[in-house]
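Let's take a walk through this fold, one piece at a time. Keep the structure open beside you and follow along.

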Amino acid sequence: MKPENSHLSTPGFPSSQIGKIYVGSESNPYAVKPIASKAAQVLRLGEEDEDVQGVDAVDTEFACKAATSMFKDAVSLVGYPKSNVDYAMVTGTDNSQAAPRDCPGGELDLFVGYGAASSCSANTTSSPRLKVGTRAPQIHPIFGEETASLIRAMVEDSRGTPAYFKHVRKSSKKLMEKLNLKNTDVDHFVAHQPNVQFPIRIAKELGFKEDQYMPMLQVAKFGNTYSGASPVGLAAVLDVAEPNDRILMTSYGSGAGSDAYSLIVTQQILEKRPNQKLTVKYQAENPFIEYVDYTTYRRLKTGM
């Protein structure tokens with residue numbers, strides 16, 4: 001959002017003012033070409049010169065935190081006076097690539113989804129997939145026996161990979177310690193949500209109550225959107241948050257690592273919210289919106 005003393009013609013801002021777009025994903029459909037340049041073209045970001053968009057565009061990758069890793073970079077970029085970038089967009093998007101449930105590794109098919117979410121910054125005062133080399137690309141992620149066993153355990157009794165809880169717990173606690181925050185200082189908690197059980201369990205471990213973490217829980221509606229999972233949870237919270245609310249968001253990416261952010265909602269959300277018609281709640285509950293189920297989508301994608 002722009003400073004209080006700036007004036008724009010609309011409560012939002014034109015796409016031409018976005019100077020950089022980051023797209024985080026672990027399922028790039030191209031072998032070489034970036035997703036970000038295509039997104040910039042479709043969204044008409046930056047200055048247009050005939051059919052060319054004058055915007056800096058780059059893809060990033062770090063499993064499910066490929067997008068949230070760039071939040072701090074976007075904020076730093078627009079805060080640097082010599083960058084000449086007033087707005088930067090960060091998008092997390094993934095097309096989950098779980099194997100069909102009747103195939104080896106198909107346990108993940110119970111949780112997956114596909115989707116994207118974006119965040120815009122403004123100037124204010126654990127599963128490899130072969131893509132290159134001599135081997136043929138793998139259509140689905142291939143897991144070692146240890147990881148596959150943990151996934152099966154997760155399906156059977158909600159036990160999950162220790163890395164998720166270790167990194168989300170440590171990142172959240174470290175940030176709260178540095179900012180001298182207590183649980184009661186946080187109005188909303190957002191965690192990476194690969195399934196319903198993990199974010200609820202880590203929220204409870206960290207001492208948060210239902211009213212602090214339930215607004216972010218969207219995986220039951222959209223499935224695991226991987227790089228989009230934390231941003232979708234953040235978007236859902238911003239749909240209901242009030243000015244001066246504090247949001248603690250902690251993402252997670254296999255590999256492994258977490259990013260933790262403390263965000264304060266400003267007064268500008270009240271003027272911008274009425275212009276946002278496609279809220280997370282609207283997209284999840286509107287009876288007139290139909291989503292292709294994942295199995296059908298996968299077959300369409302592969303030309304079956």
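Ala-63 sits in the loop that links strand S4 (56-60) to helix H2 (71-79). What is its phi? The angle is near 45 degrees, a positive value in a residue other than glycine. As a reminder, most residues other than glycine have a negative phi. This is a predicted model, by the way, so read the angle as a property of that prediction. Ala-63 has a relative accessible area of 14%, and because the cut-off for buried is under 20%, Ala-63 counts as buried.

There's a second case of this kind, Asn-180, where phi is positive at about 55 degrees although the residue is not a glycine. You'll find Asn-180 in the loop between H4 and S7. Is Asn-180 buried or exposed? With 68% relative accessibility, Asn-180 counts as exposed.

Stay in that loop for a moment, since Leu-179 lies between H4 and S7 too. Leu-179 has a relative accessible area of 40%, so it falls in the partly exposed class. Which residues does Leu-179 touch, leaving aside its neighbours within four places in sequence? The contacts are Arg-246 and Ser-262. Leu-179 and Ser-262 are 83 residues apart along the chain, yet their C-alpha atoms are separated by 8.8 Å.

Now follow the chain on to the sheet. Three strands make up an open sheet, ordered S7-S8-S9, with mixed pairing. Strand S7 (188-191) and strand S9 (260-264) are the edge strands, and each has a single partner strand, so one side of each has no neighbour in the sheet. On average, neighbouring strands here are turned by 15 degrees against each other, direction ignored.

How do S7 and S8 pair? S7 and strand S8 (residues 246-250) run in the parallel sense, joined over four bridges. If you want to trace the register, His-188 has Ile-247 in S8 as its bridge partner, and Ala-191 has Thr-250 in S8. S7 is an edge strand of this sheet, but both of its faces are covered. His-188 and Val-190 are buried on one side, and Phe-189 and Ala-191 are buried on the other.

Next, look at what packs over the sheet. Helix H4 (residues 162-178) lies across S7, S8 and S9, and runs at about 145 degrees to S8. H4 also meets a helix: its axis and that of helix H5 (residues 197-205) come within 10 Å and cross at roughly 45 degrees. The two helices are therefore oblique to each other, and their crossing is right-handed. On the H4 side, the contact is made by Tyr-164, Phe-165, Val-168 and Arg-169, while H5 contributes Phe-198, Pro-199, Arg-201, Ile-202 and Glu-205. What classes of residue are in this contact? Six are nonpolar and three are charged, with no polar residues. A bit of helix geometry is handy when you look at those residues: an α-helix has 3.6 residues a turn, so residues three or four places apart point the same way.

Then there's helix H8 (residues 229-238). Why can H8 be called largely enclosed by the rest of the structure? Eight of its 10 residues are buried, so the rest of the structure largely encloses it. The buried residues are Ala-229, Ser-230, Pro-231, Val-232, Gly-233, Leu-234, Ala-236 and Val-237.

Ser-230, which lies in H8, deserves a closer look. Ser-230 has a relative accessible area of 0%, so it is buried. Which residues surround Ser-230, once its neighbours within four places in sequence are set aside? Ser-230 is in contact with Thr-68, Val-190, Ala-191, His-192, Met-249, Thr-250 and Ser-251. Two of those names came up earlier as a bridge pair, namely Ala-191 and Thr-250.

Finally, head back towards the start of the chain for another pair of strands. Strand S5 (residues 87-95) is mostly covered, with eight of its nine residues buried. S5 pairs with strand S1 (residues 18-24) in the parallel sense, over six bridges. To find your way between S1 and S5, look for Tyr-22, which stands opposite Val-90 in S5.

Notes: Residues numbered from 1 in each chain as written. Predicted model: local features only at pLDDT ≥ 70, side-chain atom pairs only at ≥ 80, totals over all residues. Heavy atoms only, no water. Buried < 20%, exposed > 50% of the residue type's maximum accessible area, 1.4 Å probe, protein only. Pairing = 2+ DSSP bridges. Axes fitted to C-alpha atoms, helices over the stretch in contact; angles between N-to-C directions. Contact = heavy atoms within 4.5 Å. Parallel < 35°, antiparallel > 145°, perpendicular 65-115°, else oblique. Left-handed = near helix turned anticlockwise from the far one by under 90°. Nonpolar A, V, L, I, M, F, W, Y, C, P; charged D, E, K, R; others polar.
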